[in-house]
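Student: I would like to learn how to read a model like this one. Please take me through it.

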Amino acid sequence: MSKKFASEDGSFKRQVSSFRETISSTHPIYKPEKGRYWLYVSLACPWAHRTLITRVLKGLTSVIGISVVHWHMDEKGWRFLPYNESNKTDGKESYKPSAGLKCEKDLCVSADVDNHSIKYGIDGTIDHNYHFQRISELYFKSEPEYAARFTVPVLWDLKTQTIVNNESSEIIRIFNSGVFNEVADSHPDIDLVPKELESQIDEINSWVYDSINNGVYKTGFAEKQDIYEKEVLNVFKHLDKVEGILKKRYETLKSTHSSEEEIVKKLYLLGDQLTEADLRLYPTIVRFDPVYVQHFKTNLNTIRSGYPYIHLWLRNLYWNYEAFQETTNFNHIKWHYTRSHTKINPLSITPLGPSPNILPL
Ligand SMILES: N[C@@H](CCC(=O)N[C@@H](CS)C(=O)NCC(=O)O)C(=O)O
């Protein structure tokens, strides 16, 4: 990773997002409408991953289309697959997460995949709306003077041709708010931020963000030994805290339920329902063993061998919810980190393990 991600003291600083509008029936510009908004994502990016999960959970897959960038990020940022007549699609096609792999028993190897591979639906998609080559072109179309980083996710308005919002924590609140209920595929009764839990969700989110979601990045991009050590210890201190919360939840459930299966299906951070707190933790935990342990050197332990309750919670979400499993693409996750951050991994060799990427429930 180039120097630009680190500040003078060798620590990693994440930039503040620039587009912060919302969508609502009372908003002067951005009103809820089917087919009006589009989500630009990377399947590797944990922040974009939150928005993909929420889009599925809230029944918005036919309301808000998506385009997926190539998993490899180069010095100019994220790019789409090049458009041509043969890959012209409407963005509604299914995306095959395991394509591009040759698997024997549990072990899968990347088949003919390199940084320049352009297999449609495997490496990414075209930009369905403008056939742009880069995410940066969207930023300039929306704001010709834009001078910050070209990040995903981007929530785009096809009507005004502008970015509505590029901050994932706000995009998921927009999706959850119910503004699209009238036009949603189904009417999911799931509310990820119920009023009575909102302050607890915000409290968990704030330390999970700082010490876990962003904590792994601060560890991996640290450019000095003492900063790395401080950050990695902080990540594990907070994983211990999550483990404690889930252990307590598990024990409470055990006193009222006899079946292990029922307990696992109710194992969440807050009460016995899925909330935004779970959803925001998941993208980091699902990437932890496959990538962060070796690539970001968060290797004091693994989730699978050191955190039995987090491990159970993770596998419940992955194996019992389509929204989590279908949006988790281990290929993009592994290929992106190991082949884009050439300062961390100069030879761009992607480790094969762990195998499997996630264990059965
Ligand atoms: N605050 C943003 C952060 C998004 C973010 O940092 N995305 C990364 C990928 S995981 C990105 O696009 N980075 C491109 C770059 O920094 O050039 C959010 O949560 O939406």
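Student: Which atom of Asn-166 lies 3.4 Å from an oxygen atom of the ligand, backbone or side-chain?

Tutor: First, the ground rules. This is a predicted model, in which local features need pLDDT of at least 70 and side-chain atom pairs count only at pLDDT 80 or more, while totals for chains, interfaces and linings use all residues. Residues are numbered from 1 along each chain as its sequence is written, and side-chain values use heavy atoms, with hydrogens and water left out. Now your contact. A polar contact is a pair of N or O atoms within 3.5 Å; within protein, one must be able to donate a hydrogen and the other to accept it, and residues adjacent in sequence count only if both atoms are side-chain atoms. For Asn-166, a backbone N or O atom makes the approach, at 3.4 Å from a ligand oxygen. Val-152 also uses a backbone N or O atom, 2.9 Å from an oxygen atom of the ligand. Trp-78 brings a polar side-chain atom to 2.8 Å from a ligand oxygen.

Student: How much of the ligand's accessible area does the protein cover?

Tutor: Areas come from the Shrake-Rupley method with a 1.4 Å probe; for residues, only the protein chains shown count as cover. On its own the ligand has 510 Å² of accessible area, and the protein covers 90% of that.

Student: Which residues come nearest to the ligand?

Tutor: A residue is near a molecule or strand if one of its heavy atoms lies within 4 Å of it. There are 16 residues around the ligand, and Arg-14, Cys-45, Arg-149, Glu-167 and Ser-168 come nearest. By class, the shell has 9 nonpolar, 4 polar and 3 charged residues. Here Ala, Val, Leu, Ile, Met, Phe, Trp, Tyr, Cys and Pro count as nonpolar, Asp, Glu, Lys and Arg as charged, and the others, Gly among them, as polar.

Student: Which residues does the UniProt annotation "active site" cover?

Tutor: The unreviewed UniProt entry gives Cys-45 and Tyr-217. They are spread over 173 residues of sequence, yet they cluster in space, with a largest C-alpha distance of 11.7 Å. Cys-45 sits in the loop between strand 1 (37–41) and helix 1.

Student: How many cavities does a search of the whole structure find?

Tutor: The general idea: rolling a probe the size of a water molecule over the atoms shows where empty space is left. On a 1 Å grid over the protein atoms alone, a cavity is a set of points where a 1.4 Å probe fits but cannot get out; lining residues have an atom within 4 Å of a point. The search finds 2 cavities of 30 Å³ or more. The largest holds about 70 Å³, and the second largest about 40 Å³.

Student: Which helix gives the largest share of the lining of the largest cavity?

Tutor: Helix 8, with 4 residues. Helix 9 (303–306) and helix 10 (308–320) each supply at least two. The lining has 7 nonpolar, 2 polar and 2 charged residues, including Asp-289, Arg-304 and His-311. In the second largest cavity, helix 1 (46–57) and helix 8 each supply at least two lining residues. Among them are Trp-47 and Arg-280.

Student: Where are the cis peptide bonds?

Tutor: Most residues other than glycine have a negative phi, and most peptide bonds are trans. Val-152 and Pro-153 are joined by a cis bond, with omega about 0 degrees. Ser-355 to Pro-356 is also cis, with omega near 0 degrees. Pro-356 lies in the segment after helix 12 (330–340).

Student: What is the phi of His-131?

Tutor: Positive, about 60 degrees, although His-131 is not a glycine.

Definitions and conventions:
On a 1 Å grid over the protein atoms alone, a cavity is a set of points where a 1.4 Å probe fits but cannot get out, and a pocket is an open set with protein on both sides within 12 Å along at least five of seven lines; lining residues have an atom within 4 Å of a point. Grid points are joined across faces, edges and corners, and a volume is the space filled by probe spheres set on the points. UniProt positions are given in the numbering used here, feature names are shortened, and annotations may be inferred rather than shown by experiment.
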